[in-house]
Amino acid sequence: MDGNLEALFRPKSIAVIGASEKPGKIGYAVMKNLVEYGYDGKIYPINIKGVEIEINGRKFKSYRSILDVPDEIDMAVIVVPAKFVPQVVEEAGKKGVKVLPIISSGFGELGEEGKKVERQIVEIAHKYGMRILGPNIFGVVYTPAKMNATFGPTDVMPGSLALISQSGALGIALMGWTILEKVGLSAVVSVGNKSDIDDADLLEFFKTDDNTKAILIYMEGVKDGRRFMEVAKEVSKEKPIIIIKAGRSERGAKAAASHTGSLAGADSIYTAAFKQSGVLRALTIGEAFDWARTLSNLPEPEGENLVILTNGGGIGVMATDAAEEEGLHLYDDLDELRVFANHMPPFGSYKNPVDLTGMAGAESYEGAVRDALANPNMHSIAVLYCQTAVLDPRDLAKIVIREYNESGRKKPLVVAIVGGIEAKEAIDMLNEEGIPAYPEPERAIKALAALYRWSRWKARQRRE
């Protein structure tokens, strides 16, 4: 049924069943997002009253039933009350629709009665060879196809991270957060109750999707743990998977069960299974996205030697502590490190961490970054900067972007800039260019360590 998932991310035509002409309604928001994000396939609003729907000056004729639409439809987004969903699914099946994201809630999350209806709609869908995403979701985004079929934010930044969320409200909030933090996404998928399409199905799709380099999942529980772990292990050999698994505590697990009707299960089992299948488990949202920046943007390191370049002894020491805690190796060949003496005053230190001193300006950083990138024995680089009057952080960002691009981006490089408003602007500039940048040195090092952890796991798999 892979063609159905193809239709979920690259549909040639979309029907919105329950489309509305009234701003503020979900059926209007989904239409508006499709139009505003630039989806160029055909959009067919389905509205029982047959009203005309106008979005940003574009007028859409609506159809009373999906069966009235003269063309083929790949995907139908369902936004009607739960009691009408079985009938609508039946009609979509007759129409030959391939996949149905069901935004409507009021199913398995309400208990046994709702679960019964949920099973019923899945049976109807499968009878026609259709797949269901949801129910109880906020929709799906695929940036390469300029498709935003959600009622979340519209201005998602394109990139190479796929985000899968079991929680609707949190998923929408995370979309907004990625826009603010300049995290580029290839896809956002709300899975809700996972009545049919689940995380494992999506992992299989993203494994072969050229636009996706890493996958981040917010998960409360899985229906078929064994299948998920088997698929995750295969996918991890190609692409990194980061999971925020909620419901670690007993009370948290109970809350997860009432939220999306999922079984959370004993947390220690998840931890062990994740480790075995190469999944990186993040404990907070911030940590997950910090790691996602390196894993979705940087090449794998070709060796263990890390070089830290800094203008402040303090942040250099903090980064060194973090590197040691994370099991990263600071390159210590003084003959090779001596090259950095060319880019510092006589009282600087070319021992790793390389202290270019507080006097380091544009030329110091430019030379040091270029030499580190050019040396085949320096496998990964952390560029740290404490904001001073000597060098505007935004100028440093431009230097790093230029040097990294000119070097061909062959080795991992992370940046940390500590400072004020200009530092934040510099961090945004770097992240928009796909160079992971952070406001704290430890975060940069820990994100680099996540890339190393995944890369080492892969190497072990090859040896075994």
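Let us start with a pair of opposite charges: the side chains of Arg131 and Asp201 meet in a salt bridge, with N and O 3.0 Å apart. Arg131 belongs to strand β7 (residues 131-133) and Asp201 to helix α6 (residues 199-207), so the pair ties together parts that are 70 residues apart in sequence. Keep in mind as you look around that this is a predicted model.

Are these two partners buried or exposed? Arg131 is buried, because its relative accessible area is 10%, below the 20% cut-off for that label. Asp201 also counts as buried, at 8% relative accessibility. The two residues have further company: Arg131, Asp196, Asp198, Asp201, Glu204 and Arg227 are linked in a network of salt bridges.

Across the whole structure, a search finds 33 salt bridges, and two others are worth a visit. Glu112 forms one with Arg119, where the closest N and O atoms are 3.3 Å apart. Here Glu112 is exposed, with a relative accessible area of 53%, while Arg119 counts as partly exposed at 44%. The other joins Arg394 to Asp392, with 2.8 Å between the closest N and O atoms. Arg394 is partly exposed at 28% relative accessible area, and Asp392 counts as partly exposed at 25%.

Now move to a hairpin. Strand β8 (residues 139-142) and strand β9 pair in the antiparallel sense over 4 bridges, and one bridge joins Tyr142 to Met147 in β9. Between the strands of this hairpin are 4 residues, and Lys146 takes a positive phi near 50°. What covers the two faces of β9 (residues 147-150)? In a regular strand, side chains alternate between the two faces of the sheet. In β9, Met147 and Ala149 lie on one side and Asn148 and Thr150 on the other, and all of them are buried, so that both faces are covered.

Another strand to look at is β15 (residues 305-310), which contains Thr310. Thr310 is buried, with a relative accessible area of 1%. Leaving out residues up to four places away in sequence, Thr310 touches Ile315, Gly316, Val354, Asp355, Leu356, Thr357, Tyr365 and Leu384. A polar atom of the Thr310 side chain also lies 3.0 Å from the backbone oxygen of Gly312.

For a helix, turn to α2, which runs over residues 26-37. Its 12 residues reach 16 Å from the first C-alpha to the last, close to the 16 Å expected at 1.5 Å a residue. Buried residues in α2 are Gly27, Tyr28, Val30, Met31, Asn33, Leu34, Val35 and Tyr37. Just after the helix, Gly38 takes a positive phi of about 100°.

Our last stop is Arg64, in the loop between β4 (58-61) and β5 (75-78). Arg64 is exposed, because its relative accessible area is 52%, and the label applies over 50%. Which residues does Arg64 contact, apart from its neighbours within four places in sequence? They are Ile46, Asn47, Ile48, Lys49 and Gly50. Ile46 is 18 residues from Arg64 in sequence, yet their C-alpha atoms are 5.7 Å apart in space. The side chain of Arg64 reaches the backbone oxygen of Ile48 at 3.1 Å, and that of Lys49 at 3.4 Å.

Key
Residues numbered from 1 in each chain as written. Predicted model: local features only at pLDDT ≥ 70, side-chain atom pairs only at ≥ 80, totals over all residues. Heavy atoms only, no water. Buried < 20%, exposed > 50% of the residue type's maximum accessible area, 1.4 Å probe, protein only. Contact = heavy atoms within 4.5 Å. Polar contact = N/O pair within 3.5 Å; in protein donor to acceptor, adjacent residues only side chain to side chain. Expected span 1.5 Å × (residues − 1). Pairing = 2+ DSSP bridges. Salt bridge = Lys/Arg side-chain N within 4 Å of Asp/Glu carboxyl O.
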